[in-house]
Amino acid sequence: MARETSNPRVIVLRCRACRAELPAAPNDVAFRCPQCGRGWEIEAGGFIERPSHWVASPAGGSQPFLYLPYWSFSVSAAVNPGRMAEADELGARDKAARFERAWIAAYSIYRPTYVGEWGLAYTRINPKWEVRSGHGPQAPGATISGVDAQNIAGHYILGEIDRKADIGSLDLDLEVGDPELWAIPCYDLGDKIRCPWTRAELAATVLDDLSEIRSAAPRRQA
Ligand SMILES: [Zn+2]
């Protein structure tokens, strides 16, 4: 007797706008259309559109690079004057006011808190990027949902402000915007990838499915 095959629910992965096929690895939950650049997330068995942006590749580099997916959020954080010691309060208010946007890596990393997650670095330094929309580079799909990333973004901001002041004594208004799907380039050095802006490096072995990422997003020459 034939073994019963599992029958996962299949949804047709085509861009709702231009009908191009979306490159999908098994764990992907959101995609950038390789043809028109729109962003789509699987939610409740259907697609919802997410704003989609990409960052221009760094000028002057001669190394091959590839694009990785990130979730990004507008951030508004404000510390209300209150019960804290004045110096702490000013420090926390300065820190809170500096955050404009948060990023969360949407690709799978092995032990991200140990090796360093580049989204947190971008959230700290808010790079002056040339940000574009629409048709652009191919990028692999996101393996975490926009809503999960939104929660992590809130924790990032709280954690950063907490380094300046005890969050327990803080009266904080924090707004994290809706998920946007971003594609951000990094250098692909074979056994590792390097961030063009922070110079941070990640060993290829800590990236889940780097070979799949490479095949979804062919390396380009800068
Ligand atoms: Zn499309």
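**Group meeting: confidence, helix α1 and Phe31**

Hi everyone, let's start with confidence: in this protein it is lowest in strand β12, residues 220-221, with a mean pLDDT of 58, and highest in strand β4, residues 52-55, at 98. Please keep in mind that this is a predicted model. Across the protein the mean pLDDT is 85, with 88% of residues at 70 or more. Residues 1-5 stay under 50, and over that stretch the model has 0 contacts beyond four places in sequence.

Now, on to helix α1, residues 86-98. How does its span agree with its 13 residues? At 1.5 Å a residue we should get 18 Å, and the end C-alpha atoms are indeed 18 Å apart, so the two agree.

Which residues of α1 are buried? They are Glu89, Ala92, Arg93 and Ala96. Looking down the axis of α1, you'll find these buried residues within an arc of 100 degrees, so they line one face of the helix. Turn to the other side of α1, and Ala87 and Asp94 are exposed. As for what covers the buried residues, that includes β5 (64-80), α4 (146-162) and β8 (171-176).

My last stop is Phe31, which sits in strand β1, residues 30-32. Why does Phe31 count as buried? Because it has 27 C-beta neighbours inside 10 Å, where 20 or more are needed. Setting aside neighbours within four places in sequence, Phe31 is in contact with Leu22, Ala24, Trp40 and Gly141. Take Gly141: it is 110 residues from Phe31 in sequence, yet their C-alpha atoms are 4.5 Å apart in space.

That's my tour, thanks for listening!

Conventions. Residues numbered from 1 in each chain as written. Predicted model: local features only at pLDDT ≥ 70, side-chain atom pairs only at ≥ 80, totals over all residues. pLDDT = per-residue confidence, 0-100. Helix = DSSP H or I, 4+ residues; strand = E, 2+ residues; numbered from the N terminus. Contact = placed C-beta atoms within 7 Å. Expected span 1.5 Å × (residues − 1). Buried ≥ 20, exposed ≤ 12 C-beta atoms within 10 Å, placed from the backbone. Arc of directions from axis to C-beta.
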